[in-house]
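Student: I would like to learn how to read nonpolar cores and backbone angles in a model. Could we go through one case?

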Amino acid sequence: MTRTRPDEPADSPPTGAPARTRKPTGLRSRLHRWDHAGSPYLFVAPFFVVFAAFGLFPLLWTGWLSLHRVSLYNVDQADWVGLQNYRDLLFGPPSHFFWNALRNTITLGVLSTVPQLLIALGLAHLLNYRLPARGFFRTALLAPYATSVAAATLVFALIFSPEGGMANWMLGLVGIGPIAWEAGAWSSQIAVSVIVIWRWTGYNALIYLAAMQAIPRELYEAAAIDGATRWQQFRHVTIPELRPTILFTAVVSSIGATQLFGEPYLFGGQSGHQGGADHQYETLGILMYDQGFHHSMLGRASAIAWTMFGLLLLVGLANTLIARRLRSTT
């Protein structure tokens with residue numbers, strides 16, 4: 001029989017026994033469960049609110065406008081046309097401008113993405129070694145990325161100016177005549193691609209550099225013991241280990257090329273809103289701007305925006321398939 005002290009209640013636990021914790025009951029119990037289950041959602045709610053207001057709602061509203069004929073100067077009056085805006089883009093009178101813009105977007109993407117990633121890969125490989133002032137060069141790589149699009153494009157517009165531009169001056173040193181960079185189809189796209197390459201190469205180089213530093217040093221040591229040169233180590237060790245990172249940068253660069261707008265718009269000056277006098281470097285982004293704000297056809301501009309969105313979905317799908325293929329082969 002357990003004996004209790006005179007000053008101790010009879011129903012209290014014996015001395016030395018662990019005290020029992022009371023579980024919350026009733027309203028307190030429900031509040032506790034709600035707090036435990038709902039706190040994570042409450043913390044992330046601001047992101048979803050901002051995304052719904054500035055991301056999801058504009059996307060859905062643009063899709064709704066693409067099914068109407070609506071003018072920029074009378075947004076409240078919209079006439080339902082269904083898929084007519086999409087049919088006009090693909091097969092109607094404005095289809096010439098759409099296919100031209102799509103072709104320019106693809107060529108500009110190839111001309112800017114491929115050299116950009118190759119140069120970034122080479123720079124990252126050099127900075128991965130112990131070079132003098134390596135920290136300074138790593139910081140300097142981000143200087144073009146931190147420069148505004150307007151400032152960079154205006155400077156390059158002077159460089160590629162047909163009258164006294166540095167590009168023509170350098171070509172003249174090797175006996176090549178002056179080139180009207182903005183007038184030609186390929187010359188203008190090369191000039192715009194140079195601007196994109198200059199701005200984004202350093203950014204991608206730092207991504208590659210971070211991925212290279214995560215590669216185990218034992219792989220390079222084993223390759224060196226086998227007699228592999230630095231070039232062979234780069235080909236057979238660095239590149240295979242960087243496949244996911246290279247795929248990521250290629251997809252991000254492709255998305256950026258699909259949305260290319262600032263560089264060609266500012267490079268063209270007065271004719272920038274239509275991608276040059278002959279639409280020679282007009283991208284889908286510029287075509288959307290031109291149709292919406294210069295021709296006041298918001299419905300057609302919205303259809304172009306959703307077409308660009310579909311292209312981005314295709315890029316994402318290709319990324320998923322390629323990534324799955326790479327995982328299955330490794």
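Tutor: We take the cores and then the phi angles of this predicted model.

Student: Which residues touch the most other members of the largest nonpolar core?

Tutor: The general idea is that in soluble globular proteins nonpolar side chains tend to be buried together. Here the largest nonpolar core has 17 residues, and those touching the most other members are Leu121, Ala124, Tyr208, Met212, Ile215, Val237 and Leu242. Two or more residues of this core come from each of α3 (95-127), α8 (185-213), α9 (217-225) and α10 (230-241).

Student: What does Met212 touch, not counting residues up to four places away in sequence?

Tutor: With those left out, Met212 touches Leu121, Ala124 and Leu242, and also His125, Asn128, Phe234 and Thr238. Apart from the largest core lies another, of 12 residues, including Leu108, Ala167, Trp181 and Val192.

Student: Now the backbone. What sign does phi have in most residues other than glycine?

Tutor: In most of them phi is negative. In this model, His279 is not a glycine, yet its phi is positive, about 60 degrees. Ser296 also has a positive phi, near 55 degrees.

Student: Where does His279 lie, and where does Ser296 lie?

Tutor: His279 is in the loop between α12 (262-267) and α13 (284-294). Ser296 is in the loop between α13 and α14 (298-329).

Student: Is His279 buried or exposed, and is Ser296 buried or exposed?

Tutor: The cut-off for buried is under 20% relative accessible area. His279 has a relative accessible area of 16%, so His279 is buried. Ser296 has a relative accessible area of 16%, so Ser296 is buried.

Methods: Residues are numbered from 1 along each chain as its sequence is written. This is a predicted model: local features need pLDDT of at least 70, side-chain atom pairs count only at pLDDT 80 or more; totals for chains, interfaces and linings use all residues. Side-chain values use heavy atoms; hydrogens and water are left out. A nonpolar core is a set of buried Ala, Val, Leu, Ile, Met, Phe, Trp, Tyr and Cys residues joined through side-chain atoms within 4.5 Å. Buried means under 20% relative accessible area, exposed over 50%, partly exposed in between (1.4 Å probe, protein chains only). Helices (H or I, at least four residues) and strands (E, at least two) are DSSP runs, numbered from the N terminus. Contact means heavy atoms within 4.5 Å.
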